Amino acid sequence: MLVWVLYKIDPRKVWTYAEHANGWLLFVTVVLATLTFPVRTIRWRLILRGAKGERFPITPLWHATTIGFMANNLLPARAGEVARAYVASGQLPVRFTTALGSIAVERVFDALVMLALMAVAIAAPSFPAHAQVGGRSLSTIAASTAVLFGAFLLVALLIANRPTPWLVLVERIARRVLPVRAADRVLHASDGIVEGLAVLKSPARFAGVVFWSLVLWITNAAAFAICFRAFGLAVPLEAALLLQGIIGFGVALPSTPSFLGIFEAATLVTLQLYGVESSLAVSYALTYHLTTFLPITLLGLWSLTRLHIRLRELSTAAKAGTV
């Protein structure tokens, strides 16, 4: 992807555009992008609870969040999601599978909120007519994805509110097709996943998660929009809603550390829809990616030292997928 992005791009023009970007606006961009991580921690605290529904202290969740996103930046295949659950289960009285299930719930909320904000950008008069990605209408792709994640949320709601039929079905299948020890592990994991979905049973917590998800993605979009101005891009502010959505779904699948190449390709495709010249779009993408990469990576490494965890330990846990 990175090779495709850089193909026929003039490196000198990319560097010149970056040199002339507004430094103060870039600083604000980085601050806003980094603020999304405390917001994620607050939201995660609403989702993840103990066996008796008790709230967990914020500090261990913060360390798990920073380490998880740092691991996404330094390790391949979205290893940070597993690393985050691994750290949380080591610092709090919560099972690994429960923590991982809560992160899956986060991802569903992220997808639905990003899609809703993308719909705002698509409905705006500034949206390029007949915009396509991969030969398909962007509005069609967004609608199809919304249906998919809406279905995931509906299934999760059913499981959270009526877990017994789900657990019985999983047990029957596991006992039939798996050895005893493997079946036991699957059942243990299923119990943890159900616990991770508990937030969906509480209307108040559900509303809180929606609220903080909106705060998170509006703040993130604001970072993209301010970076537009730092580079002098003549694109409407609502384009930031579209950009973060395309990037968000572009990096959803396991890929390279820090989603290198995927991030730049998604940004290039989106900005070209608004007529931004390729070298300028790539300069924007590389500058944004690098400057926002550093703070959370350093915060995650600092949290590692505080908890006396090695990066190799996270890598091993991510490969195992369990503890």
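User: In this predicted model, does Tyr288 count as buried or exposed?
Analyst: In the predicted model, the relative accessibility of Tyr288 is 4%. A residue is called buried under 20% relative accessible area, and because Tyr288 is at 4%, Tyr288 counts as buried.

User: Which residue forms a stacked aromatic pair with Tyr288, in a search of the whole structure that finds nine aromatic pairs?
Analyst: The partner of Tyr288 lies in helix H13 as well, four residues apart from Tyr288, about one turn of the helix. The two rings are 6.3 Å apart centre to centre with 20 degrees between the planes, and planes under 30 degrees apart count as stacked. At 0% relative accessibility the partner counts as buried, and the residue in question is Tyr284.

User: What kind of aromatic pair do Phe231 and Tyr284 form?
Analyst: Phe231 and Tyr284 are both buried, and their pair links distant parts of the chain, 53 residues apart, with Phe231 in the loop between helix H10 (203-230) and helix H11 (239-250) and Tyr284 in helix H13 (residues 278-307). The ring centres are 5.7 Å apart, and planes over 60 degrees apart count as edge-to-face. Because the planes of Phe231 and Tyr284 stand at 65 degrees, the pair is edge-to-face.

User: Which residues do ring pairs link into a cluster with Tyr284 and Tyr288?
Analyst: Tyr284 pairs with Tyr288, and Tyr284 also pairs with Phe231. Ring pairs link these three into a cluster whose other members complete the list, so that the residues joined to Tyr284 and Tyr288 are Phe224, Phe228, Phe231 and Phe263.

User: How many of the 12 residues of H11 are buried?
Analyst: The buried residues of H11 include Ala239, Leu241, Gln244, Ile247 and Gly248. Helix H11 is largely enclosed by the rest of the structure, because the number of its 12 residues that are buried is 10.

User: How far apart are the end C-alpha atoms of H11?
Analyst: At 1.5 Å a residue, the 12 residues of H11 should span 16 Å. The spacing of the end C-alpha atoms agrees with that expectation, at 16 Å.

User: Where does Asn72 lie, and is Asn72 buried or exposed?
Analyst: Asn72 lies in helix H4 (residues 58-74). Not counting residues up to four places away in sequence, Asn72 touches Arg78, Ala79, Gly80, Glu81, Pro257, Ser258 and Phe259. With a relative accessibility of 3%, Asn72 of helix H4 counts as buried.

User: Which residue lies over the face of Trp44?
Analyst: The residue over the face of Trp44 is at 4.1 Å from the ring centre. A charge sits over a ring if, among other conditions, CZ of Arg is within 6 Å of the ring centre, and here the residue is Arg84.

How values were computed. Residues are numbered from 1 along each chain as its sequence is written. This is a predicted model: local features need pLDDT of at least 70, side-chain atom pairs count only at pLDDT 80 or more; totals for chains, interfaces and linings use all residues. Side-chain values use heavy atoms; hydrogens and water are left out. Helices (H or I, at least four residues) and strands (E, at least two) are DSSP runs, numbered from the N terminus. Buried means under 20% relative accessible area, exposed over 50%, partly exposed in between (1.4 Å probe, protein chains only). Contact means heavy atoms within 4.5 Å. Rings of Phe, Tyr and Trp (its six-membered ring) pair if their centres lie within 6.5 Å; planes under 30 degrees apart count as stacked, over 60 as edge-to-face and the rest as tilted. A charge sits over a ring if NZ of Lys or CZ of Arg is within 6 Å of the ring centre and within 35 degrees of the ring normal. The expected span of a helix is 1.5 Å times one less than its number of residues.
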